[in-house]
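Biologist: I am new to this structure and would like a close look at a single part, the surroundings of the ligand. Could you take me through that part in one connected account?

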Amino acid sequence: MSVQDRVVLITGATGALGQATSRVFAQAGARLALTGRSEGSLQELAASLGLPGDRLLTHPADVTDAASVDGLVKQVLAGLGQVDALLHVAGGYRGGKAVADTELDDLDFMLGLNLRSAFLVCRAVLPHMAEQGWGRIVAVGSRSAVQPARRSGVYAASKAGLIALIETIAAEVKGTGITANAVLPSTIDTPANRRTMPKADFSKWVPPAQIAAAMLYLCSDEAASVNGARIPVYGQA
Ligand SMILES: NC(=O)c1ccc[n+]([C@@H]2O[C@H](COP(=O)([O-])OP(=O)(O)OC[C@H]3O[C@@H](n4cnc5c(N)ncnc54)[C@H](OP(=O)(O)O)[C@@H]3O)[C@@H](O)[C@H]2O)c1
């Protein structure tokens with residue numbers, strides 16, 4: 001299973017899962033294009049990876065903004081020459097309210113961060129991948145999208161939309177050398193989750209590196225036949 005020298009664009013690279021993913025792919029020999037909103041956090045992450053300049057590029061971008069995303073992909077192509085894989089890790093959660101009590105702003109925020117962003121980043125890399133006849137797209141969904149629970153309606157709906165988008169792309173790229181898949185984590189073992197749920201059994205949560213390992217497989221040549229999958233990564237919960 002190799003991603004040696006592949007150029008891998010990781011959105012949300014500065015977050016908990018994004019950092020773990022960046023490390024796993026750096027260790028696997030990929031060339032990395034890392035993005036998030038904070039330039040400082042990107043610099044910090046880049047320094048910790050210890051990759052030479054010709055194997056690593058950072059570029060801050062807002063993944064909900066079309067011009068920003070197009071600018072990002074342009075920079076990656078100019079700096080590293082290609083985009084072989086897109087890992088769309090950026091995303092987030094807003095919830096805690098029943099649908100009847102949810103503000104329109106909550107819906108718009110979730111659709112923007114989780115669905116619009118996926119649409120924009122996939123749309124920006126697909127023409128390039130089609131041209132080179134090889135590509136891997138992996139988006140981070142959520143267990144909530146397929147097993148919705150109470151009080152997370154707009155989050156679940158936004159991630160369900162992301163999965164539908166990925167499955168549509170999978171159908172559209174069939175036979176082109178490109179694949180598109182989604183990984184669906186349940187609760188990830190992150191510092192933020194530990195702070196929010198201090199009494200939970202952390203051993204039941206998913207270690208971020210294990211989600212990254214699933215993404216690594218999906219980006220390999222060996223996964224060429226895996227297209228349109230929604231892979232549960234639920235830990236022991
Ligand atoms: N944590 C969980 O338990 C869990 C469970 C299931 C699914 N997921 C999904 O897994 C993914 C990663 O979760 P996480 O816990 O690692 O999240 P996180 O630590 O909050 O990181 C989120 C990342 O997304 C970036 N980001 C947020 N808004 C952005 C925007 N508008 N433009 C560009 N980048 C933006 C953040 O960068 P800045 O900090 O610079 O804004 C950060 O790098 C998300 O898609 C999340 O929905 C998480």
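The ligand and its surroundings

Modeller: In this predicted model, the space that the ligand takes up is the largest pocket. Two elements each give two or more residues to the shell around the ligand, namely α1, which covers residues 16-27, and α6, which covers residues 153-173. There are 28 residues around the ligand, and those that come nearest are Thr14, Leu17, Arg37, Val89 and Asn193. Sorted by class, the shell is made up of twelve nonpolar residues, 13 polar residues and three charged residues.

Turning to individual polar contacts, the side chain of Thr14 places an N or O atom 2.7 Å from an oxygen atom of the ligand. Val89, which is also among the residues that come nearest, takes part through its backbone instead, with a polar backbone atom 2.9 Å from an oxygen atom of the ligand. For Ile188, a backbone N or O atom likewise lies 2.9 Å from an oxygen atom of the ligand. As for how much of the ligand is covered, the ligand taken alone exposes 900 Å², and the protein buries 80% of that area.

To sum up this part, the ligand occupies the largest pocket, with α1 and α6 contributing to its shell, and its oxygen atoms have polar contacts that include one to the side chain of Thr14 and one to the backbone of Val89.

Technical notes
Residues numbered from 1 in each chain as written. Predicted model: local features only at pLDDT ≥ 70, side-chain atom pairs only at ≥ 80, totals over all residues. Heavy atoms only, no water. Near = heavy atom within 4 Å. Polar contact = N/O pair within 3.5 Å; in protein donor to acceptor, adjacent residues only side chain to side chain. Areas by Shrake-Rupley, 256 points an atom, 1.4 Å probe, with all protein chains shown as cover. 1 Å grid on protein atoms, 1.4 Å probe; cavity = no way out; pocket = protein on both sides within 12 Å on 5 of 7 lines; lining within 4 Å. Sits in = over half its atoms within 2 Å of the grid points. Helix = DSSP H or I, 4+ residues; strand = E, 2+ residues; numbered from the N terminus. Nonpolar A, V, L, I, M, F, W, Y, C, P; charged D, E, K, R; others polar.
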